[in-house]
Amino acid sequence: MYRVLFKRVEGNEDIKLPCKMSEWAAGFDLQAAVSEPVELAPGERKLIPTGFAMAMPAELEAQIRPRSGLAYKHGITCLNSPGTIDADYRGEVKVLLVNLGQEPFTIARGERIAQMVFQQVPVVTIEEAAELPDTVRGSGGFGHTGV
């Protein structure tokens, strides 16, 4: 089990800290901490504050992902998805939303706008090599497998 600390940004005492909406949910829902409603026109993107900062162990990262209901019903999704929050970041968590739908969408204070999933970060070392081991696929790239 990992311990993650959350600190509210002043003036956001009414915004819920990230929480799971069901017992087995992987993601913690994030609420919009906008001071007034924000309209997203079709094709428009905006950075939406969540009203909190956090501190997590170095072994973790937090990934910001879209909420499926907003994406399906309104075309609202996250750019740079999943967005990564590194363990050493201490600023307010914000969500980069975009409206891929056909109609303007209004984001109200307290609305659930995204979800945050915590993942372990493996320890990786990078080594330069003169040659790489062969595989059946080799250097075949986009579309190489027939899809």
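Begin by selecting strand β11, residues 112–120, together with β2, and you will find the two running antiparallel, joined by four bridges. What you have open is a predicted model, and the tour moves from this pair outward. To see one of the contacts between the two strands, pick D29 and then Q115 in β11, which is its bridge partner.

Next, widen the selection to the sheet that holds these strands, an open sheet of four strands in the order β2-β11-β6-β8, with antiparallel pairing. At its edges lie β2, residues 28–31, and β8, each of which pairs on one side only. If you turn the view, neighbouring strands of this sheet are set at 35° against each other on average, with direction ignored.

Now move to strand β9, residues 94–99, and add strand β4, residues 45–49, which pairs with β9 in the antiparallel sense over five bridges. Then add strand β7, residues 76–78, which also runs antiparallel to β9 and is joined to it by three bridges. Which residue of β9 is the bridge partner of R45? It is V98, and when you select T77 you will find that its bridge partner in β9 is V98 as well.

Finally, turn to the largest pocket, which has a volume of about 240 Å³. Its lining is made up of 15 residues, and those to select for the closest approach to its centre are I64, G83, T84, I85 and K94. Both β8, residues 83–85, and β9 supply at least two residues each to this lining. Coloured by residue class, the lining of the largest pocket divides into nine nonpolar, three polar and three charged residues.

Methods
Residues numbered from 1 in each chain as written. Predicted model: local features only at pLDDT ≥ 70, side-chain atom pairs only at ≥ 80, totals over all residues. Heavy atoms only, no water. Pairing = 2+ DSSP bridges. 1 Å grid on protein atoms, 1.4 Å probe; cavity = no way out; pocket = protein on both sides within 12 Å on 5 of 7 lines; lining within 4 Å. Points joined across faces, edges and corners; volume = space filled by probe spheres on them. Nonpolar A, V, L, I, M, F, W, Y, C, P; charged D, E, K, R; others polar. Axes fitted to C-alpha atoms, helices over the stretch in contact; angles between N-to-C directions.
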